[in-house]
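I opened the notebook today to go through one structure, entry by entry. The sequence and the coordinates come first, and my notes follow.

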Amino acid sequence: MSFFGFGQSVEVEILLNDAESRKRAEHKTEDGKKEKYFLFYDGETVSGKVSLALKNPNKRLEHQGIKIEFIGQIELYYDRGNHHEFVSLVKDLARPGEITQSQAFDFEFTHVEKPYESYTGQNVKLRYFLKKNISRRLNDVVKEMDIVVHTLSTYPELNSSIKIKKKIEDCLHIEFEYNKSKYHLKDKKKGKIYFLLVRIKIKHKKKDIIKRETTGTGPNVKKKNDTIAKYEIMDGAPVRGESIPIRLFKKKYELTPTMRDINKKFSVRYYLNLVLIDEEERRKKKQQEVVLWRKGDIVRKSMSHQAAIASQRFEGKKNLGDVRTPSQLSDNNCRQ
């Protein structure tokens with residue numbers, strides 16, 4: 001990128017020391033496109049060079065100081081003027097003066113804390129980026145480079161199964177069971193639905209994966225539900241005593257880890273939604289939250305020691321009894 005001022009132009013690049021070997025990860029942008037960014041983990045060092053290439057060798061570039069920042073930031077789309085920084089590190093690269101030839105400045109942010117996963121949602125964005133600033137009297141020269149951060153976890157010690165019962169008066173009694181309550185992002189979900197009492201004519205049964213994004217506080221709270229996947233698990237009327245196996249493969253869907261009250265700004269939670277549709281097109285719903293986490297191996301050659309330690313953390317420490325289920329939709333009375 002080139003910047004101009006008083007006859008001098010400068011091309012600025014931010015180069016990572018391990019750019020050739022560091023893994024890249026796809027991440028969705030605000031416009032829905034996918035771009036690849038350098039991937040980092042909590043505790044890893046971020047280091048590199050800021051390269052300044054002068055376009056006019058016979059002219060100097062005056063400045064009031066050069067610095068680089070590492071920033072972790074949350075932006076709520078309804079309040080775009082305010083950026084909420086939860087990480088802010090600064091390295092001064094040069095004191096006020098002038099540059100007469102192209103040169104590069106080394107930088108290093110050691111063992112940087114990156115507590116949250118990068119996220120781009122419907123109403124909020126959490127991003128990490130390097131920001132280079134050449135301070136000028138009239139106009140600063142600024143360049144940013146985004147990176148992506150993944151939060152890693154190991155297998156949770158407590159991962160009990162889920163058993164939920166749904167009753168509609170004396171018309172329908174069902175019970176659905178899942179093999180566990182916490183799943184890593186590439187996991188497959190197994191379960192069964194048991195029909196204990198059937199006195200209502202069911203036409204369809206389907207299963208949805210719902211992502212619920214909650215942003216803001218108080219009067220500014222905004223909730224956005226997004227249906228990630230839909231499955232039809234049975235077509236036709238079940239009979240008493242019948243059971244239906246369920247298998248959901250989450251690997252092919254765009255999922256993130258569960259994010260609870262991130263910096264008191266937003267949350268991202270996932271729910272399994274069971275929907276029964278009778279012959280009169282009435283819907284009976286039952287919803288249950290599940291915790292998603294990103295699987296991380298304890299030993300990884302490509303990870304730093306700090307990132308390996310971070311990979312052993314698990315954010316979903318609450319047990320199933322601590323998980324709150326959203327208010328259930330009221331069901332109409334069934335007909336015999």
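**Entry 1: Gly72.** I began with Gly72 and looked up which residues it touches; leaving aside neighbours within four places in sequence, Gly72 is in contact with His84, Glu85, Phe86, Val87, Arg127 and Tyr128. The model is a predicted one, and I keep that in mind for every entry below. Gly72 belongs to strand β7, which covers residues 66-76. I then asked whether Gly72 is buried or exposed. Its relative accessibility is 0%, so Gly72 counts as buried. For Val87, one of the residues in that contact list, I also took the C-alpha distance to Gly72, which comes to 4.6 Å across 15 residues of sequence.

**Entry 2: confidence.** Before going further I checked how far the model can be read. The mean pLDDT of the protein is 80, and 81% of its residues reach 70 or more. Where does pLDDT stay under 50? I found residues 1-6 to be one such stretch, with 18 contacts beyond four places in sequence in the model, and residues 298-336 to be another, with 87 contacts beyond four places in sequence. I list those contacts without interpreting them, because predicted coordinates should not be read in detail where pLDDT is low.

**Entry 3: the whole protein.** I counted the secondary structure next, and it comes to one helix and 23 strands. Of the 336 residues, 50% count as buried. I also looked up how contacts are spread along the sequence: among contacts in the protein with a separation of 6 or more, 69% are between residues 24 or more positions apart.

**Entry 4: the largest pocket.** I turned to the largest pocket, which holds about 1000 Å³ of space. The elements that give two or more residues to its lining are β3 (24-28), β4 (34-41), β11 (119-120) and β19 (222-235). The largest share comes from β3, which provides five residues. In total 30 residues line this pocket, and those nearest its centre are Glu26, His150, Leu185, Leu255 and Arg294. By residue type I noted 15 charged, nine nonpolar and six polar residues in the lining. Why does the pocket lie between domain 1 and domain 2? Domain 1 (10-149) and domain 2 (162-296) both give residues to the lining, so the pocket lies between them.

**Entry 5: Asp278 and Lys205.** I looked at two charged residues and asked how much of each is accessible. Asp278 is found in strand β22, and because its relative accessible area is 1%, under the 20% cut-off, I recorded Asp278 as buried. Leaving out residues up to four places away in sequence, Asp278 touches Ile200, Lys201, Ile202, Lys203 and Lys284. For Lys201 I noted a C-alpha separation from Asp278 of 5.6 Å, although the two are 77 residues apart in sequence. Lys205 lies in strand β18, residues 202-215, and with a relative accessible area of 0% Lys205 is buried. The C-alpha atoms of Lys205 and Leu274 are 7.4 Å apart, while 69 residues separate the two along the chain.

**Entry 6: the loop between β21 and β22.** Here I followed the backbone angles. Most residues other than glycine have a negative phi, and so I looked for exceptions. Asn263 has a positive phi of about 55 degrees although it is not a glycine, and Asn263 lies in the loop between β21 (259-262) and β22 (266-278). Lys264 is found in the loop between β21 and β22, and its phi is also positive, near 60 degrees. Is Lys264 buried or exposed? At 64% relative accessibility Lys264 counts as exposed, whereas Asn263, at 27%, counts as partly exposed.

**Entry 7: Ser181.** My last check was on Ser181, which sits in the loop between β15 (172-178) and β16 (182-184). Ser181 has a relative accessible area of 5% and is therefore buried, as the cut-off is 20%. I noted that Ser181 and Ser161, 20 residues apart in sequence, have their C-alpha atoms 5.7 Å apart in space.

Notes: Residues are numbered from 1 along each chain as its sequence is written. This is a predicted model: local features need pLDDT of at least 70, side-chain atom pairs count only at pLDDT 80 or more; totals for chains, interfaces and linings use all residues. Side-chain values use heavy atoms; hydrogens and water are left out. On a 1 Å grid over the protein atoms alone, a cavity is a set of points where a 1.4 Å probe fits but cannot get out, and a pocket is an open set with protein on both sides within 12 Å along at least five of seven lines; lining residues have an atom within 4 Å of a point. Grid points are joined across faces, edges and corners, and a volume is the space filled by probe spheres set on the points. Helices (H or I, at least four residues) and strands (E, at least two) are DSSP runs, numbered from the N terminus. Ala, Val, Leu, Ile, Met, Phe, Trp, Tyr, Cys and Pro count as nonpolar, Asp, Glu, Lys and Arg as charged, and the others, Gly among them, as polar. Domain bounds come from an automatic or database domain assignment. pLDDT is the predictor's confidence in each residue, from 0 to 100. Contact means heavy atoms within 4.5 Å. Buried means under 20% relative accessible area, exposed over 50%, partly exposed in between (1.4 Å probe, protein chains only).
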